[in-house]
Amino acid sequence: MKALLLTRPAGVTMTDADAAIEALYDAHYVGLVRLAVLLVRDHGTAEEVVQDAFVAVHGRWNRLDDHDRALGYLRTAVVNKARSVLRHRGVVARNVPALPPDAPGADAASLDSERRRAVLDALRTLPHRQREVLALRYYLDFSEREIAETLGISQGAVKSHASRGAAALRHLLEAHR
Amino acid sequence: MNDLDTHDDDLRTLLHDAVSDVQPEPALHRIRSRTATRPQHGARTWLVGLAAAATAAAIAGVVVVTTQRGPGSDSGPVASPTASTSAGPSASTSAGPSASATATVPSTERALGIYYVGDTPQGPRLYREFHRLRVADGVAGAVGPAIAQALDRADDSDYRDLWPDGTRASVRGATGSDVTVSLSNATLDLRDRPAGTSAADAEAAVQQLVYTTQAALQQRLPVRFLVDGQPSDSLLGVGVSGPVTNGPPLETLALVSISEPPEGFEVTGPFRASGVASSFEATVPWEIRRGDRVVKRGFSTASGWMDKLYPWQTDPISVADLPEGTYTFVASTDDPSGGEGAGPTSDTRTIVVRH
């Protein structure tokens, strides 16, 4: 042991909120990070966004009216935080990492990763509402009503973002489908 | 999903596939350290130990880190604590020739799995430790900081430093099919195996950088090594004339590694430990020791065994019955031979119990 890294103040006890957050973490952390990667693309940023969402839901735990809906609150927090982090880091969108194109003879694994990059790049070029609607619709399999509730917009708006977003994404990804 | 079109399984498949390889690092301890409620009366003693300074130093030196060991290196250059959250220009601008892939600003923090060499009954093997490092955005932006950390020392002093003092690394580029890393040392010829380093140690040291690079990339790409910027047939005496792939996990990695808690973690309530292992019948025994005395023990079950390392996680471990103080958490592989065979592999973390 080199030295002590004391990350928590003394006198901390495990509360209901702690236990609930831990259970939510076990069941949903990886899935929420994947959702966040669809929204912000960068893995490190996605992890930060999801951790912030957990901290925020924990902080409001005693004021949440329905603890069974905690996962819904978490998802909404992830979407909102992803949007705000992109707004504050507008530069990132234009700095999407450009790895050199694959070398000749690239194997199946690198073709897979090229396709994954292309999908994430394409998502990043969409307007944020379209990207959010597509992520909730195709990754979480949400209904129009669930998407509307999560994003706080009307079902009519969901429908129009979904159809425009899907058309744009198909166009961008013609080569990969 | 019945009110939306159902003929778009193509997009569903593409989106699921696009993130199917995303495996975030464990973060429960990080979340809990941010949600911990403070005591009512004002005794907020935030003790920041040397390790925190060392971490900050590692953050400051993300791009090219020279291994500087010896007295006082722990208290070396300390980054401004505010730097870690700022999205401003980062140290990566000093990367110079270390490839466009790492030169993107702004940078963020990521928890990266860094591999270190430790001793096991099977000889030198790689253990994994998580470090939060500032990285440049992008797929390859984490490689330079990760290798720099691997060349520097581990938090756990059980792991060994096999790279000669003063070894520096720079990432010379990444393609879809491999990554190029150049290593240099002003006083030693890195092509030769240093005196006092066994062939098995040297092999492990090279694999340490391959595994660390792949963890940072989250892809199993081979690593092309240069010495002083030039292609070389040999690195520490190990043949590296072509791109080096990762060794088979069961012959390269320690058969058990602890991901959480981190070294020196303060435990104030029930905690879970987690990691990866390949242990007989997937059983991962754990112990809490005070000195040489075992004060608590149990076991967890990994999600598999035999062909590779699988994740394990303990149930919440209560420390309410332990007096405050410093303990060692030990996770092991199961040893069905009862001492007849080579014996178990284990990994340890120092933990501090406070009430």
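Reader: What makes residues of α8(A) count as buried, and which are they?

Author: In this predicted model, V158(A), H161(A), A162(A), G165(A), A166(A), L169(A) and R170(A) are the buried residues of α8(A), with under 20% relative accessible area (1.4 Å probe, protein chains only). Residues and chains are numbered and lettered in written order, from 1 and A. Local features need pLDDT of at least 70, side-chain atom pairs 80 or more, while totals for chains use all residues, and side-chain values use heavy atoms without hydrogens and water.

Reader: How do you know where on α8(A) the buried residues lie?

Author: Viewed down the axis of α8(A), the buried residues fall within an arc of 150° (taken from the directions from the helix axis to the C-beta atoms), so they line one face of the helix. On the other side of α8(A), R164(A) and H171(A) are called exposed, which means over 50% relative accessible area.

Reader: How do you know whether the length of α8(A) agrees with its number of residues?

Author: Helix α8(A) covers residues 155–172, 18 residues in total. The expected span is 1.5 Å times one less than the number of residues; for α8(A) that is 26 Å, and the end C-alpha atoms are 25 Å apart, so the two agree.

Reader: What makes up chain B, in helices and strands?

Author: Chain B has six helices and 16 strands, where DSSP runs count as helices (H or I, at least four residues) or strands (E, at least two). Of its 355 residues, 56% are buried.

Reader: How far apart in sequence are the residues joined by contacts in chain B?

Author: A contact needs heavy atoms within 4.5 Å. Among contacts in chain B between residues at least 6 apart, 68% join residues at least 24 apart.
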